[in-house]
2 protein chains.
Amino acid sequence: MLEHGGDIYTEGLLKGKKLIDFSSNINPLGVPESFKNHIGEALENMEMYPDIKYRTLKNYIIEYIEFSKNYFRSSRESDLNFEEQKMSEENIVLGNGAAEVIDLAVSCFKRVSLIVPSFIEYEKSALKWKCDINYSLLDENMSYNYDDIFLKIKESDALIIANPNNPNGTIIDKDKFKEIMDYCEKSNKKIIIDEAFIEFTGKRGCSLLKETEKYKCLFIIKALTKFYAMPGIRFGYGVTSDKDLIKKIEEKQNPWNVNCFAEVAAKYSLKDEEYINNSLNWIETEREFMLSELKKIDFIEKVYDTYGNFVLCKLKKTNCDELYKLCLKQGIVIRKCDNFKGLDKNYTRFAIKNRRHNEIFIETLKDLNL
Amino acid sequence: MLEHGGDIYTEGLLKGKKLIDFSSNINPLGVPESFKNHIGEALENMEMYPDIKYRTLKNYIIEYIEFSKNYFRSSRESDLNFEEQKMSEENIVLGNGAAEVIDLAVSCFKRVSLIVPSFIEYEKSALKWKCDINYSLLDENMSYNYDDIFLKIKESDALIIANPNNPNGTIIDKDKFKEIMDYCEKSNKKIIIDEAFIEFTGKRGCSLLKETEKYKCLFIIKALTKFYAMPGIRFGYGVTSDKDLIKKIEEKQNPWNVNCFAEVAAKYSLKDEEYINNSLNWIETEREFMLSELKKIDFIEKVYDTYGNFVLCKLKKTNCDELYKLCLKQGIVIRKCDNFKGLDKNYTRFAIKNRRHNEIFIETLKDLNL
């Protein structure tokens, strides 16, 4: 079995079958036209080595950080009454996908705290780099257990946490997290926050990007993968006020680790407001639709609330293996969750897609008569 | 100072100046039309995660290996009278540029032999992974010193060698190298051969790709970067009969390390015979032109023979810093060679470009009146 969602190759493409992929969590609006229309620029740049310092690309990211702070602004301005600070090139590290940034960030620490369940690459990296791992379990509602996280970070050099978390979509509660951030800031411990899915949370101010200006302990990882629907482009980045951490990661990187397409994508897509607005309208409507429809399915015991573009469900009367096979027969791939630490064959994750696909999916589930 | 050629950003693009880049060694025929014409396929694939096993892409590489063995065939068939073996997916490892493959291959060994001077990334990787390094110097003609290499490999677990070598363009003499290969094969030592520039050697059968079928000790690294003029795409690969070495490297890699553009580029460009033939015609003509013209420049003491698309020169009456500045004033960037171990400020490297640029360059040099 492959470890991730998105393996539509083994069962589908390589056998010439077209499948609907509910296993990987990509914005169904697809690659922004604003990028496609300028692909020629990338073709021109392709004949040159990229700037080994990626100065232009880093500046597109800096512009997007400023844009994000306002566009996806916090509803609680009082939390943010500290001096404005603009990030510079030395605050940004670029990666061949967020995967590279995560892996190299983890490699900087001897003892790490991980959340369970969460994206399995954090643990794989920690094991690869021979870190000692302290696990903090989500509570029974699949929310963060802040008291436990606090205990675990005391025994660690860094915490790796996602906002929102994959596979369930819970977010960090800033009020409850403040004590942890204050402690880490004082104790020189690091908090690596994977915000790969943050844009899907909308304008509710869920991101901790702005907090990086006040808290040097924060290191936020983002990507074009999910919200901008470009998993194939392989581009992610990390942001922190701690320039030493950036240096430490960059020293571990190979030269020219980001391709020339990423620069053009960042230039045109990141601040494409039409695309962003359409995406936010879509996710708000479809998240509600999917949550309410899934609650009506009688072999689903629990539908977990989500801020992301995916829904974790606990099954009854069936298991993820059986459901996977039945869905595949109907041309749909879902994500089994039994390889997430802390979950078992009772759990499965579904992506939220466009209305037509969501309806086909819900109808398929209803017709299974499990 | 930046460590590599190709930094036309610091002096050029970022200041709005257009420079002619004689510092990086890219085929001036540019990105093959066969790829550009099919860029739409990549844009479609971009919305999906790449196949985590890269099965289709690996098969394009396997086809190209077969094609190369015949197209760039050895003139001495007698060397190759061993049983034909076709490579399979387990014989290929893919990288985000050859840089990743080199780095991870080096990371597999405790003691490595390096050639001096050669591409500086080999040494940087060896230092990063804390390898013990044995250096073998090129002889006075900048050819490999096979006796010395033999001595050095005895004290090492692996030899890293380029074919042709950068910055001078010497190639491996198969007759003289045979003893080393036989010894490594018996003693379970590895030979990592960087053939990033091999296609520029033409149809003279310089590659050791076919020898990988007989010698499990060989690990050959190639890329689309140089001959196919795609440094921006970031795609390289390694080939060996030793499936265990492939596994060992892949275990160190992050998932989805190659972007979706590489697959389309490999599909259409690798066997684009029109492009290949035009490129071979160009390099044969222009290599001769540059070698003979450079020999007429009176501040060049020695022009080293080359099988690549670049020429190493030893200067007299000037040094590479002065020449760099003078050329830059005329809108031309050259590669200073004083950061190559074993070379100093007397050495500089020039790319071979198209006739128009080569003529401008030669005229510029003549007019310097040094």
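Lys and Arg count as positive and Asp and Glu as negative; His and the chain ends are left out. A charge sits at NZ of Lys, CZ of Arg, CG of Asp or CD of Glu.

The model is predicted: local features need pLDDT of at least 70, side-chain atom pairs count only at pLDDT 80 or more, and totals for chains, interfaces and linings use all residues. Side-chain values use heavy atoms, without hydrogens and water.

**Exercise 1.** Find how far apart the mean positions of the positive and negative charges of chain A are.

*Solution.* Take the 56 positive and 60 negative charges of chain A. Their mean positions are 3 Å apart.

**Exercise 2.** Compare the radius of gyration of chain A with the globule rule.

*Solution.* Use C-alpha atoms; the rule is 2.2 Å times the number of residues to the power 0.38. For 370 residues the rule gives 21 Å. Chain A has 20 Å, close to that value, so it is as compact as a globular protein of that length. Along its principal axes, the C-alpha trace spans about 55 × 50 × 40 Å.

**Exercise 3.** Decide whether A:C206 and A:C260 are buried or exposed, and check for disulfides.

*Solution.* Buried means under 20% relative accessible area, exposed over 50%, partly exposed in between (1.4 Å probe, protein chains only). A:C206 has 7%, so it is buried. A:C260 has 6% and is buried too. Now search for cysteine sulfur pairs within 2.5 Å. The whole structure has zero disulfides over all chains. For A:C206, the nearest cysteine sulfur is that of A:C217, 19 Å away. For A:C260, the closest is in B:C260 at 11 Å, too far for a bond.

Key: Residues numbered from 1 in each chain as written. Chains lettered and ligands numbered in written order.
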